[in-house]
Amino acid sequence: MKDLFMKVDEVAKVLGVSKSYAYKLVHKLNGELGEKGYLTVAGRVSTKYFLEKVCYGQSEKTMKGSE
């Protein structure tokens, strides 16, 4: 099974931002998901939602190919 969630470290690495800023982004995205009725995990964000919201709809395949 593919990773359903990204950890804060992964978010920081993908976006090239500090870990503290990545925590803020994860918190914001999880807040949006919570408002929609989804369960969230503190310190992690749904990989699918992250890619949709932060990477402007890029697919996971595209993201991994650019590493």
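This passage describes the fold, the nonpolar core and two residues near the start of a predicted model.

The protein chain contains four helices and two strands. Read from the N terminus, these elements follow the order β-α-α-β-α-α. Of the 67 residues in the chain, 30% are buried. The surface exposed by the chain comes to about 5,100 Å², and 54% of that area is supplied by carbon and sulfur atoms. For readers who like to think in contact maps, residues 24 or more positions apart account for 42% of the contacts that have a separation of 6 or more.

The interior comes next. The largest nonpolar core is made up of 13 residues. Within this core, the residues with the most contacts are Met-6, Val-11, Ala-22, Val-26, Leu-29, Val-45 and Phe-50. At least two core residues come from each of helix 1, helix 2 (19-35) and helix 3 (47-53). Helix 2 makes the greatest contribution, giving four residues. Met-6 offers a helpful view of this core: with residues up to four places away in sequence set aside, Met-6 touches Val-11, Val-14, Gly-43, Arg-44, Val-45, Thr-47 and Phe-50. Among these partners, Val-11, Val-45 and Phe-50 are also listed with Met-6 as having the most contacts inside the core.

Two further residues can be followed in the same way, beginning with Phe-5. This residue lies in strand 1, which covers residues 5-7. Phe-5 counts as partly exposed because its relative accessible area is 32%, a value in between the 20% limit for buried and the 50% limit for exposed. Beyond four places in sequence, the contacts of Phe-5 are with Glu-10, Val-41, Arg-44, Val-45, Ser-46 and Thr-47. Phe-5 and Gly-43 are 38 residues apart along the chain, yet their C-alpha atoms are separated by 9.5 Å.

Val-8 belongs to helix 1, which spans residues 8-15. Val-8 is classed as buried because its relative accessibility is 3%, and the cut-off for that class is under 20%. When neighbours within four places in sequence are left aside, Val-8 is in contact with Lys-19, Ala-22, Tyr-23, Val-26 and Gly-43. Two of these partners, Ala-22 and Val-26, also appear among the core residues with the most contacts. Gly-43 is a contact of Val-8, and Gly-43 is likewise touched by Met-6. The C-alpha atoms of Val-8 and Ser-18 lie 9.7 Å apart in space, with their positions 10 residues apart in sequence as the separation.

Key:
Residues are numbered from 1 along each chain as its sequence is written. This is a predicted model: local features need pLDDT of at least 70, side-chain atom pairs count only at pLDDT 80 or more; totals for chains, interfaces and linings use all residues. Side-chain values use heavy atoms; hydrogens and water are left out. Buried means under 20% relative accessible area, exposed over 50%, partly exposed in between (1.4 Å probe, protein chains only). Contact means heavy atoms within 4.5 Å. A nonpolar core is a set of buried Ala, Val, Leu, Ile, Met, Phe, Trp, Tyr and Cys residues joined through side-chain atoms within 4.5 Å. Accessible areas come from the Shrake-Rupley method with a 1.4 Å probe; for residues, only the protein chains shown count as cover.
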